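Student: I'd like to practise reading a fold feature by feature. Could you walk me through one?

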Amino acid sequence: MTRWWRGISLRAKVTGVTVAVLAIGLIATGIGSVVFLRTALIANLDTNLRQIVLTDVATGLFDITVADGEATFTAKDDAVRTEYFVAIYAPDGEFVISGGGSGPEPDYPDSFTLSSTIIRGQEPFDLSNDEAGIHYHGAVATITISRTRDFYTQMVVQPLTSVDRVVSTYLGISSVLAVVAIFAGALLTRWLVTLTFRGLGQVEATAMEIAGGDLSQRLT
């Protein structure tokens, strides 16, 4: 009885250790994959952002009128629907207008000077909407308006919600697969350990009988 219970306990320990190692490996792999996936998705979003900010997206969202060399921006009623937000800053850095996108707008900087635009180039930077809890990446470039001599700053902003949605979906799928893999691994390990200990139990029983004087016993 004691030997039987000791065998059960040992099998349980071996199975537990194997499953724990498998679970740690799957968790580490999952975390690494999520970090790599999110980094790759953000890098792709930033590449698109750099390309978009160099194009004239303001004219698709705003009506621009020029009087006495000064441009005035008003939102179009039939503005093109975009996935990104656009903000315009005057030559002196004053915020002029914003539009585009869907959902809550980011918290735009109160001012963005031309010198800041030139220094940043098209390098993406972080923005957020603290009230909605949404994070964005933005990029800036200078634009010129016909019949004016001034440069304006065009800021294009894309939310990271699409990235977070893909990562959440991947995380959910990988978690389900990890649980299935751990459960299957536990069953397989239990079966293999039981099979191994069954053979060892037969060896032990035969050895005990030979030690007891029954020399007719043989190991298969």
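Student: Let's start with Ile64: what is its relative accessible area, and which class does that put it in?

Tutor: Keep in mind that this is a predicted model. To sort a residue, compare its relative accessible area with two cut-offs: under 20% is buried, over 50% is exposed, and partly exposed lies in between. Ile64 has 26%, so it is partly exposed. This residue sits in strand β1.

Student: Which residues does Ile64 touch, leaving out those up to four places away in sequence?

Tutor: Contacts tell you what packs around a side chain beyond its sequence neighbours. For Ile64 the list is Thr59, Ala71, Thr72, Phe73 and Ile145. You can also look at backbone spacing: the C-alpha atoms of Ile64 and Ala75 are 8.9 Å apart, with their positions eleven residues apart along the chain.

Student: Ile145 turned up there. What does Ile145 touch, with the same sequence filter?

Tutor: Its partners are Ile64, Val66, Ala71, Phe73, Asp150 and Tyr152.

Student: And which residues touch the most other members of the largest nonpolar core?

Tutor: For a core, look for the members with many partners inside the set. This core has 21 residues, and those touching the most other members are Phe62, Phe73, Val86, Ile88, Ile145, Tyr152 and Val156. Two or more residues each come from α1 (2-53), α2 (58-61), β1 (62-67), β2 (70-75), β3 (85-89), β6 (134-144) and β7 (151-159). Apart from this core lies another, of twelve residues, including Leu127, Tyr136, Val140 and Met155.

Student: Let me step back. How many helices and strands does the protein chain have, and in what order do they run?

Tutor: Reading the order of elements gives you a map to hang the details on. There are four helices and seven strands, and from the N terminus on they run α-α-β-β-β-β-α-β-β-β-α. As for burial, 31% of the 220 residues of the protein chain count as buried. Among contacts between residues at least 6 apart in sequence, 52% join residues at least 24 apart. The accessible surface comes to about 13900 Å², and 61% of that belongs to carbon and sulfur atoms.

Student: Leu127 came up in the second core. Which residues of β5 are on the covered face, and which on the uncovered one?

Tutor: With a strand, ask which way each side chain points. In β5, Phe125, Leu127 and Asn129 make the covered face, while Asp126 and Ser128 make the uncovered one.

Student: In what sense do β5 and β6 pair, and over how many bridges?

Tutor: They pair in the antiparallel sense, over five bridges. Leu127 has Tyr136 in β6 as its bridge partner. The hairpin of these strands has four residues between them, and Gly133 there takes a positive phi near 70 degrees.

Student: Where does Arg147 lie, and what is its phi near?

Tutor: The background for reading phi is that most residues other than glycine have a negative value. Arg147 has a positive phi, near 70 degrees, and is not a glycine. You'll find Arg147 in the loop between β6 and β7. At 65% relative accessibility, Arg147 is classed as exposed.

Student: On to charges. How many salt bridges are there?

Tutor: Here you look for a side-chain nitrogen of Lys or Arg within 4 Å of a carboxyl oxygen of Asp or Glu. The count is two. One joins Asp164 and Arg38, at 3.2 Å from N to O. That pair links distant parts of the chain, with Asp164 in helix α4 and Arg38 in helix α1, 126 residues apart. Asp164 is partly exposed at 32%, and Arg38 is partly exposed at 31%.

Student: And how far apart are the closest N and O atoms of Glu123 and Arg50?

Tutor: They are 3.7 Å apart, in a salt bridge. Glu123 is in the loop between α3 (114-120) and β5 (125-129), and Arg50 is in helix α1, 73 residues apart. Glu123 is partly exposed at 47%, as is Arg50 at 30%.

Student: Last one: which residues make the nonpolar surface patch of about 410 Å²?

Tutor: For a patch, look for nonpolar side chains that sit together at the surface. Leu188, Trp191, Leu192 and Leu195 make this one. Leu192 belongs to helix α4 (residues 161-211), and its relative accessible area of 41% makes it partly exposed.

Notes
Residues are numbered from 1 along each chain as its sequence is written. This is a predicted model: local features need pLDDT of at least 70, side-chain atom pairs count only at pLDDT 80 or more; totals for chains, interfaces and linings use all residues. Side-chain values use heavy atoms; hydrogens and water are left out. Patches are made of residues with over 30% relative accessible area and no salt bridge: like charges are joined within 9 Å, nonpolar side chains (Val, Leu, Ile, Met, Phe, Trp, Tyr) within 5 Å. Accessible areas come from the Shrake-Rupley method with a 1.4 Å probe; for residues, only the protein chains shown count as cover. Buried means under 20% relative accessible area, exposed over 50%, partly exposed in between (1.4 Å probe, protein chains only). A nonpolar core is a set of buried Ala, Val, Leu, Ile, Met, Phe, Trp, Tyr and Cys residues joined through side-chain atoms within 4.5 Å. Contact means heavy atoms within 4.5 Å. Two strands pair if DSSP finds at least two bridges between them.
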